[in-house]
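Student: Please give me a close look at one part of this model, with each detail set in its place. I would like a single connected account that I can follow while viewing the structure.

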Amino acid sequence: MKKLFAVLGDPIGHSMSPIMHNDLFSYYQIDAHYLPFHVKNDDLEDAVKGLRALGVGGFNITVPHKSAIIPFLDEVEELALNIGAVNTVVNDGGKLIGYNTDGPGFLRGLELYMPSIEGKKVLLIGAGGAARGIYFTLAKEKALAIDIANRTVEKASGLIEACPYSTSSSAYTLDEASRNLEEYDLIIQTTTIGMSPKIAELPLNVTNIKKQALVCDIIYNPLETLFLQEAKEIGASIQNGIDMFVFQGALAFEKWTGIFPDAERMRENVLNQLGGKTC
Ligand code: NAP
């Protein structure tokens, strides 16, 4: 019988996950289908009960339910519990187990450009939900130092205090960080600045980025934010948010099927979906 997979979110119409996962199910000849469901906050518990009753194979959770889902699951892996957010659920013989593949997905994508982060000095720009997942994942992987710069600097300090993995970190304002950018080997932009409608804005002045640095922006629409364009002009290497999106999906697919899928195929598929939609 065909297995059901799903993604729950509000809104959900924009999600590229259904096309990406349905293509993989057909490519690997797995008799399964992945559907998007628009679920409001108040309906989340009922939606999870429904999926459980239907014997779903697994599902993704997207904004705004990544934290709210946790009480409705039977088990949550350590990293997701520490991050406080689940984006992937596996139905293991009736037991719903939650994982976070966002931070690990970023790391897998990063490895294409920087095979090891050991000994690297990292600056994370932003202290929201995505930054939290990336910060905890990199801290667990033992980056030498991970500083955080955020418009609301208290949120950056809060993230550092909350991190259960030992790493050396300081919190900075965006101006402070921009003055010291030459210190960093890896700079990861996680704010919403650069995404539509803020495509002509920068989170901070990039003049002091060093040429040898790798500069990542987790935004993928537009594919090259102004932040990445300016870093590239300085001579730095750049990476956009497509890899993070593709690898979070690849890791979810692997948890559901045991197959680590062809990430290049997934990337092509996502780029096709973005065709004509990029700002
Ligand atoms: P979030 O929790 O709402 O965090 C937003 C962050 O942006 C905060 O650090 C916030 O600073 C900062 N910010 C917002 N407006 C700003 C402004 N005008 N000036 C300076 N900083 C500003 O959002 P999120 O879930 O972390 O998502 C952040 C971005 O990551 C989004 O663009 C999202 O599309 C992208 N993302 C990509 C992937 C992927 O797979 N590639 C996955 C997840 C998210 P304050 O704390 O001061 O408000």
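## From helix α9 to the ligand

Tutor: Gly249 counts as buried, because its relative accessible area is 0%, while the cut-off for that label is under 20%. The model in front of you is a predicted one, and every value below should be read with that in mind.

Gly249 belongs to helix α9, which makes this helix a convenient place to begin. The C-alpha atom of Gly249 is 9.9 Å from that of Phe260, with the two positions 11 residues apart in sequence numbering. Thr257 is also part of helix α9. Its relative accessibility is 26%, so Thr257 counts as partly exposed, whereas Gly249 is buried. From Thr257 to Gln189 there is a C-alpha to C-alpha distance of 32 Å, for a sequence separation of 68 residues.

A further link to this stretch of the chain comes from Thr101. Thr101 sits in the loop that joins β6 (95–99) to α4. The side chain of Thr101 comes to 2.9 Å from the backbone oxygen of Gln248. With a relative accessible area of 1%, Thr101 is buried.

Helix α9 also leads to the ligand. Both α9 (242–257) and α5 (129–140) contribute at least two residues each to the shell around the ligand. There are 21 residues around the ligand, and those that come nearest are Gly129, Ala130, Asn150, Thr152 and Ile218. By residue type, the shell consists of 9 nonpolar, 9 polar and 3 charged residues.

Three atom pairs describe the polar side of this site. A polar backbone atom of Ala130 is 2.8 Å from an oxygen atom of the ligand. For Lys155, a polar side-chain atom is placed 3.1 Å from a ligand oxygen. For Thr192, the distance between a polar backbone atom and an oxygen atom of the ligand is 3.4 Å. Taken on its own, the ligand has 930 Å² of accessible area, and the protein covers 74% of it.

Two of the residues named here deserve a separate look. Gly129 is in helix α5, and its relative accessible area of 61% makes it exposed. Gly129 and Asn221 are 92 residues apart along the chain, and 18 Å separates their C-alpha atoms. Lys155 lies in helix α6; its relative accessibility is 52%, so it counts as exposed, the cut-off for that label being over 50%. The C-alpha atoms of Lys155 and Gly57 are 36 Å apart, and the two residues are 98 positions apart in sequence.

Helix α5, already met at the ligand, has a second role in the account. The largest nonpolar core has 29 residues, and the members that touch the most others are Phe106, Leu110, Ile134, Tyr135, Leu138, Leu186 and Ile188. Several elements give this core at least two residues each, including α3 (78–83), α4 (102–110), β7 (121–125), α5, β8 (145–149), α6 (153–162), β10 (186–189) and β11 (214–217). Helix α5 provides the largest share of the core, 6 residues. Why does this core lie between domain 1 and domain 2? It does so because both domain 1 (3–100 + 243–274) and domain 2 (104–240) give residues to it.

Finally, a few backbone features can be located in the loops. Strand β11, one of the contributors to the core, is followed by a loop toward α8 (226–234), and Pro222 is placed in that loop. The peptide bond between Asn221 and Pro222 is cis, with omega near 10°. A second cis peptide bond runs from Asp10 to Pro11, with omega near 5°, and Pro11 is in the loop between β1 (3–9) and α1 (17–27). The loop between α1 and β2 (32–38) holds Gln29. Gln29 is not a glycine, yet its phi is positive, near 55°. The relative accessibility of Gln29 is 76%, so this residue counts as exposed.

To return to the starting point, Gly249 is a buried residue of helix α9, and α9 together with α5 is among the elements that supply residues to the shell around the ligand.

Terms used:
Residues numbered from 1 in each chain as written. Predicted model: local features only at pLDDT ≥ 70, side-chain atom pairs only at ≥ 80, totals over all residues. Heavy atoms only, no water. Near = heavy atom within 4 Å. Polar contact = N/O pair within 3.5 Å; in protein donor to acceptor, adjacent residues only side chain to side chain. Areas by Shrake-Rupley, 256 points an atom, 1.4 Å probe, with all protein chains shown as cover. Helix = DSSP H or I, 4+ residues; strand = E, 2+ residues; numbered from the N terminus. Nonpolar A, V, L, I, M, F, W, Y, C, P; charged D, E, K, R; others polar. Core = buried A, V, L, I, M, F, W, Y, C linked by side-chain atoms within 4.5 Å. Buried < 20%, exposed > 50% of the residue type's maximum accessible area, 1.4 Å probe, protein only. Domains from an automatic or database assignment.
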